[in-house]
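Open the model in your viewer and keep the selection tool at hand. The tour goes stop by stop, with something to select at each one.

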Amino acid sequence: MTGTERFFCADAARARGDALTGTAPYGLVWVLLEYGGSWPANGFDGLALDPAAKALLFEAARAVRARVLLIRRHGRRDKEAGPRRWAVLRYDGTGAHRQQWGTWERDEDLARAAAALGAPGEPGHPPVVLVCTHGRHDTCCAVRGRPVARALSERWPDLVWECTHVGGDRFAANVLVAPDGVYYGGLDALSSVAVVEQHLAGRVHAGHLRGYTDLLPPQQAAVAAVLARFGPAGRHDYAVTGTSRAGPHWLVRVTGPPPRAEAYDVEVRAHRAAPSQLTCNGPATSAAVVHEVTAIHLG
């Protein structure tokens with residue numbers, strides 16, 4: 001690359017063949033705040049809100065390891081009059097994922113979202129489809145995310161929101177389905193519609209899967225390998241029922257649904273890739289950890 005060429009981390013990741021699987025960050029709870037104004041590079045942390053209201057929500061989120069994301073509908077960039085929405089989304093291992101929604105007009109109203117972090121929430125809501133389009137955080141998130149947000153919003157206008165940084169800029173376009181806790185990456189407008197359509201139909205495919213947010217990276221890689229080998233399945237059809245480690249080598253047992261409940265022992269090797277620039281906006285290089293599946297055995 002010459003000095004006049006602009007660097008795009010997603011293009012570089014594709015050229016290197018960076019592995020998607022095992023890259024979903026841990027998360028069980030998400031706080032969504034509708035905010036149509038300009039998003040600061042650091043998202044919620046950079047908003048000029050009432051300090052007391054901001055601290056209250058920040059502390060409540062930190063207590064339960066919740067991630068706070070700013071959201072907006074596709075195509076809306078200006079601050080809008082009237083109440084904005086907030087939500088607390090909570091993953092549930094039983095599949096009864098829980099949500100609580102409300103509105104806010106003044107900064108002080110965010111106390112309701114903080115209080116919701118201490119409540120269980122309600123099951124039965126459809127999942128929320130979040131597309132990272134956070135261009136001030138990383139250029140590729142906007143360049144690749146916005147066409148995906150447009151395509152998904154045209155298909156599912158009530159489910160889809162643009163959001164701030166969800167992690168893994170080099171895998172843009174990134175989609176997080178919450179509170180299911182499923183990350184997809186490397187998407188474009190066409191593939192995103194197919195992936196989300198299958199997800200909503202209860203069929204998670206391995207092709208664009210980064211991982212499940214309740215699992216460790218080697219466990220994510222193991223589940224993705226089973227899905228790739230035996231075909232798509234529902235979010236909770238496969239469970240990790242055992243994990244052991246010897247240095248860089250992991251053995252993960254993945255068990256399928258009843259009545260057969262077949263178990264697979266998946267061997268995973270962790271290693272570091274060569275140092276590379278992993279984001280558009282940071283010239284520093286980093287050596288990402290890769291989780292490579294080396295074998296699958298019937299348990």
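**Stop 1: a sheet and its partners**

Select Ala270 and look across to strand 16, where His291 stands opposite. This is a predicted model, so treat each stop as a description of a prediction.

Now select the whole of strand 13, residues 263-272, together with strand 16. Nine bridges join these strands, and they run antiparallel. In general, strands of a sheet pair through backbone hydrogen bonds, in a parallel or an antiparallel way.

Widen the selection to the open sheet of four strands, in the order 11-12-13-16. The pairing in this sheet is antiparallel. Which strands are at the edge? They are strand 11 and strand 16 (289-298), and each of them pairs on one side only. With direction ignored, neighbouring strands of this sheet are turned by 25 degrees against each other on average.

Next, add helix 6 to the view. Helix 6 lies across strand 11, strand 12 (249-255), strand 13 and strand 16. Relative to strand 16, helix 6 runs at about 50 degrees.

**Stop 2: the nonpolar cores**

Select Leu152, Val175, Tyr184, Leu209, Tyr212, Leu227 and Val254. In the largest nonpolar core, which has 39 residues, these touch the most other members. Which element gives the most to this core? Helix 6 does, with six residues.

For a second core, separate from this one, select Leu33, Tyr35, Val88 and Ala116; they are included among its 22 residues.

Go back to Tyr212 and show what surrounds this residue. Leaving out residues up to four places away in sequence, Tyr212 touches Ala24, Gly181, Val182, Val204, Gln220, Val223, Leu227, Gly234 and Arg235.

**Stop 3: salt bridges**

The last name in that list, Arg235, leads to the next stop. Select Arg235 with Asp214: their side chains meet in a salt bridge (2.8 Å, N to O). Arg235 is in the loop between helix 6 (217-230) and strand 11 (239-246), while Asp214 is in the loop between strand 10 (209-212) and helix 6, so the salt bridge ties together parts that are 21 residues apart in sequence. Is Arg235 buried or exposed? Arg235 counts as buried because its relative accessibility is 10%, which is under the 20% limit. Asp214, with a relative accessible area of 26%, is partly exposed.

How many salt bridges does a search of the whole structure find? The search finds 13.

Select Asp11 and Arg144 for another one. Their closest N and O atoms are 2.5 Å apart. The pair links distant parts of the chain, 133 residues apart: Asp11 is in helix 1 (residues 9-16) and Arg144 in helix 4 (residues 139-155). Asp11 is partly exposed at 39% relative accessibility, and Arg144 is partly exposed with a relative accessible area of 24%.

Stay on helix 4 and select Arg155, then add Glu197. A salt bridge joins their side chains (2.5 Å, N to O). Glu197 belongs to helix 5 (residues 189-200) and Arg155 to helix 4, so this pair also links distant parts of the chain, 42 residues apart. Relative accessible area is 34% for Glu197, which is partly exposed. Arg155 is partly exposed too, at 41%.

For the last selection, take Arg16, Asp18 and Arg170. These residues are linked in a network of salt bridges.

Technical notes:
Residues are numbered from 1 along each chain as its sequence is written. This is a predicted model: local features need pLDDT of at least 70, side-chain atom pairs count only at pLDDT 80 or more; totals for chains, interfaces and linings use all residues. Side-chain values use heavy atoms; hydrogens and water are left out. A salt bridge is a side-chain nitrogen of Lys or Arg within 4 Å of a carboxyl oxygen of Asp or Glu. Helices (H or I, at least four residues) and strands (E, at least two) are DSSP runs, numbered from the N terminus. Buried means under 20% relative accessible area, exposed over 50%, partly exposed in between (1.4 Å probe, protein chains only). A nonpolar core is a set of buried Ala, Val, Leu, Ile, Met, Phe, Trp, Tyr and Cys residues joined through side-chain atoms within 4.5 Å. Contact means heavy atoms within 4.5 Å. Two strands pair if DSSP finds at least two bridges between them. Axes are lines fitted to C-alpha atoms, for helices over the stretch in contact, and angles run from 0 to 180 degrees between N-to-C directions.
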